[in-house]
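Good morning, colleagues. Please turn to the sequence and the structure on the screen, and I shall take you through selected features.

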Amino acid sequence: MYRLVLLSCLLFSFGSVSLSVVASPWEKVSEPSKGDSESIGTYSNGCMAGGEALPLQGDGYQVIRSHRGRYYGHQEMIVFLQQLSKQVNELELGNLLVGDIAMPRGGRFSSGHASHQTGLDADIWLKITDKPLDKNALVEAQPLPMVHIKDYKINKANWSDKQALLVQLAAADERVARIFVHPVIKEQLCKREWKQRDWLQKVRPWWGHYYHFHVRLHCPEGSDNCKAQKAPPAGDGCGAELASWKPKPKVKSDKKKTAAKATATNTPKKKKPVKIPPAQCMALLK
């Protein structure tokens with residue numbers, strides 16, 4: 001009965017079970033809830049109580065596209081980002097550009113992210129600037145691609161030791177559970193000789209992350225309702241696992257293309273089930 005009532009509330013709030021095409025009520029929340037920071041639920045189905053705003057500019061970093069209001073996070077994430085940027089500044093690597101973290105109380109986005117819901121995920125651009133950007137540049141900033149997507153090769157004109165060291169600094173932090181990068185970027189990191197390679201286990205290949213990397217923290221102490229993700233596989237992930245991401249050569253066969261197209265046309269698309277947020281998250285919306 002409880003699940004039915006909760007589902008009814010969800011449908012009323014979202015207006016439809018197709019969550020990807022309608023506005024999310026979390027996007028209408030303009031400020032965090034009061035109290036201590038707490039991450040609730042899973043990274044892709046949760047929320048955040050007592051979130052904190054990352055100051056839009058600090059020691060060695062700037063928040064880009066702040067008008068979207070996605071610069072809130074769990075206190076531990078805010079501290080992590082400030083400490084990482086301080087390290088980067090001390091090493092004279094440049095000025096960090098911080099992208100989306102979470103909305104004021106976390107929760108589901110209508111588009112753009114499946115995760116980033118608990119204040120424990122953050123996007124950091126691999127574009128490192130020599131100096132802070134002005135207000136207009138922060139709004140209109142364009143990403144710098146590190147990968148030639150079609151050729152499945154690194155963009156040597158943009159990728160450098162600075163980007164490699166930046167990812168290493170973030171991944172080596174014990175608070176970090178995972179870092180997502182494009183498989184080609186993971187490949188570049190695997191090729192380098194590092195004194196210690198254990199942090200490479202946390203660097204996970206994932207499509208789309210060719211101009212930024214996605215940092216994910218462990219569930220913080222005190223967030224008893226935060227559900228941790230399963231740990232990455234053992235090893236540095238630089239062997240067969242990474243090779244499996246490489247696109248296979250396209251088969252130039254008209255018969256196979258026709259058969260595949262017919263199969264895709266005749267196969268009904270499965271609707272993704274509605275994820276019901278934890279009860280604590282529904283309470284935060286009220």
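I begin with K246, which counts as exposed because its relative accessibility is 54%. Please bear in mind throughout that this is a predicted model. K246 sits in the loop that runs between helix 6 (240–243) and helix 7 (254–266). On the surface, K246 gathers with K153, K156 and K191 in a patch of positive charge.

Let me now set the overall frame. The protein contains 8 helices and 13 strands. Of its 286 residues, 46% are buried. The exposed area is about 16400 Å², and carbon and sulfur atoms supply 53% of that area. Among contacts with a separation of 6 or more, 77% come from residues 24 or more positions apart.

I turn next to N155. This residue is placed in the loop between strand 10 (153–154) and helix 4 (161–171). Is N155 buried or exposed? N155 counts as buried, because its relative accessibility is 9% and the limit for a buried residue is under 20%. Beyond its neighbours within four places in sequence, N155 makes contact with P145, M146, V147 and H148. The C-alpha atoms of N155 and L144 are 9.7 Å apart, with the two positions 11 residues apart in sequence terms.

The remaining topic is charge pairing. Side chains of opposite charge can pair when their charged atoms come close. A search of the whole structure yields 7 salt bridges, and I shall discuss some of them.

In one of these, D100 meets R68 at 3.1 Å, N to O. This pair links distant parts of the chain, 32 residues apart: D100 belongs to the loop between strand 7 (96–98) and strand 8 (121–125), and R68 to the loop between strand 5 (61–63) and strand 6 (72–73). D100 is buried, at a relative accessible area of 7%, whereas R68 is partly exposed, at 38%.

Another salt bridge joins D161 and R192, whose closest N and O atoms are 2.8 Å apart. D161 lies in helix 4 and R192 in the loop between helix 5 (183–191) and strand 12 (203–205), so this pair ties together parts 31 residues apart in sequence. D161 counts as exposed at 54% relative accessibility, while R192, at 29%, counts as partly exposed.

D173 and R175 also form a salt bridge, at 2.7 Å from N to O. Both D173 and R175 are buried. Finally, salt bridges with shared partners connect R68, R70 and D100 in one network.

How values were computed
Residues are numbered from 1 along each chain as its sequence is written. This is a predicted model: local features need pLDDT of at least 70, side-chain atom pairs count only at pLDDT 80 or more; totals for chains, interfaces and linings use all residues. Side-chain values use heavy atoms; hydrogens and water are left out. Patches are made of residues with over 30% relative accessible area and no salt bridge: like charges are joined within 9 Å, nonpolar side chains (Val, Leu, Ile, Met, Phe, Trp, Tyr) within 5 Å. Accessible areas come from the Shrake-Rupley method with a 1.4 Å probe; for residues, only the protein chains shown count as cover. A salt bridge is a side-chain nitrogen of Lys or Arg within 4 Å of a carboxyl oxygen of Asp or Glu. Lys and Arg count as positive and Asp and Glu as negative; His and the chain ends are not counted. The place of a charge is taken as NZ of Lys, CZ of Arg, CG of Asp or CD of Glu. Helices (H or I, at least four residues) and strands (E, at least two) are DSSP runs, numbered from the N terminus. Buried means under 20% relative accessible area, exposed over 50%, partly exposed in between (1.4 Å probe, protein chains only). Contact means heavy atoms within 4.5 Å.
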